[in-house]
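Please open the structure in your viewer and keep the sequence panel visible. The tour below proceeds by selections, each followed by what is to be found there.

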Amino acid sequence: MKLGFLTACLPKQSLENLVVWAKSIGFEMLEVACWPVKNTRDYSGTTLDVANLTEDQAERIKKLFEQNNMQISSLAYYDNNLHPDLVIRKSYHDHLKKVINAANLLGVKYVGTFVGRNYNKTIKENFDEFEIVFKEILEYAKEKGVSIIIENCPMPGWNPNGGWMGTISYSPELWEEMFSRLPYDNFGLNLDPSHLLWLGINPVSVIKEFKDKIFHVHAKDTQILKDKLNKYSIFGSQIQRKNEWDMGYWVYRMPGRGEIDWKAFLKELKQNGYNFVVSIEHEDPEYEGTEEKVKEGLKLGFEYLKDVITKI
């Protein structure tokens, strides 16, 4: 397994600078952020402007990675592909297709996104909509030689009615439905154990069943604040939320600073045939605020994971 990170945490850095810095630390892969240049999403960035990518630029990028013995693990654009506003939804789909086109030009196999949710409909109704929407996306990606990977975050802040479900792809039950409805070979998971933990799911337990659908892996840890959990319940804070994302009883951490058993998780992945990237998604608030702190957090995560991987 090779270590990488999602470049959205350093949105002001050029791709060239990121490649050089990542290599100096020991990273071997980058998960390249490809949100639109004009974008207000949190934890997003435009390391690569796919809307204006040319064949010549793609060739230069490929050479940049080759010369530094680095690889692009995936192109990342995570938005709500089932958004209830059809105009907004179309804009997301149009950009996602540009990301897929860029992956094709760069020879990158994976494009990461969310399924999302139409929050005016039930989960079951959303799956009917999902089947129509994602069939077109997967067919388009297939023509370009690209696979679509879904991160399993519930995205609670997307649901204006409260609760967890801003996407319909956060649990094994829902993955079963997703892959049974659209059994495409180019459709899999970007498995992130941090979300499973705060949802009460043992991240190790899902690996064997979904081993053939785990295409890419995120490395993010979670700390459970047990006193807050006792106050708010698993549904999270309802009155005292600081913002729409604040559940109150858990915090994302760099790998090794939370409660995930990384040795068990990575060992189970290895034993079930996974040998691709472990990509750090940096959302630890204690290592944010400046580029220096972000890089410090990434280096900390790298050193911890590297040590674990060498011991499994």
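**First stop: Ser194**

Begin by selecting Ser194 and Asp192 and displaying their side chains: the two side chains form a polar contact at 2.6 Å. The model is a predicted one, and the distances and accessibilities given on this tour are computed from it.

Ser194 belongs to helix H6, which spans residues 193-198. Is Ser194 buried or exposed? Its relative accessibility is 0%, and because buried means under 20%, Ser194 counts as buried. To see what surrounds Ser194, add Lys220, Asp221, Thr222, Tyr252 and Ile260 to the selection; these are its contacts once neighbours within four places in sequence are set aside.

**Second stop: strand E7 and its partners**

Next, select residues 214-219, which make up strand E7. How many residues of strand E7 are buried? The count is 6 of 6, so that the strand is mostly covered.

Now add strand E6, residues 187-191, which pairs with E7 in the parallel sense through 3 bridges. Within this pairing, Leu191 has Val217 of E7 as its bridge partner. Then add strand E10, residues 277-280; E10 and E7 run parallel and are joined by 3 bridges. Centre the view on Val217 once more, and Val278 of E10 will be found opposite.

**Third stop: helix H1**

Move to residues 15-25, helix H1, and highlight Leu15, Leu18, Val19, Trp21 and Ala22, which are buried. Which elements do the buried residues of H1 pack against? They pack against two strands, E1 (2-6) and E2 (29-33), and two helices, H2 (55-67) and H9 (291-311). Follow the chain just past the end of H1 to Gly26, where the backbone adopts a positive phi of about 125°.

**Last stop: the cavity**

Rolling a probe the size of a water molecule over the atoms shows where empty space is left. In this structure, 1 cavity of 30 Å³ or more is present, and the volume of the largest cavity is about 40 Å³.

To locate the largest cavity, select its lining: Leu6, Ala8, Cys9, Tyr43, Glu281, His282 and Glu283. What classes of residue form this lining? Colouring by class will show 4 nonpolar, 1 polar and 2 charged residues. Leu6 links this stop with the previous one: the residue lines the cavity and lies within the range of strand E1 (2-6), against which buried residues of H1 pack.

Definitions and conventions
Residues are numbered from 1 along each chain as its sequence is written. This is a predicted model: local features need pLDDT of at least 70, side-chain atom pairs count only at pLDDT 80 or more; totals for chains, interfaces and linings use all residues. Side-chain values use heavy atoms; hydrogens and water are left out. Buried means under 20% relative accessible area, exposed over 50%, partly exposed in between (1.4 Å probe, protein chains only). Helices (H or I, at least four residues) and strands (E, at least two) are DSSP runs, numbered from the N terminus. Two strands pair if DSSP finds at least two bridges between them. Contact means heavy atoms within 4.5 Å. On a 1 Å grid over the protein atoms alone, a cavity is a set of points where a 1.4 Å probe fits but cannot get out, and a pocket is an open set with protein on both sides within 12 Å along at least five of seven lines; lining residues have an atom within 4 Å of a point. Grid points are joined across faces, edges and corners, and a volume is the space filled by probe spheres set on the points. Ala, Val, Leu, Ile, Met, Phe, Trp, Tyr, Cys and Pro count as nonpolar, Asp, Glu, Lys and Arg as charged, and the others, Gly among them, as polar. A polar contact is a pair of N or O atoms within 3.5 Å; within protein, one must be able to donate a hydrogen and the other to accept it, and residues adjacent in sequence count only if both atoms are side-chain atoms.
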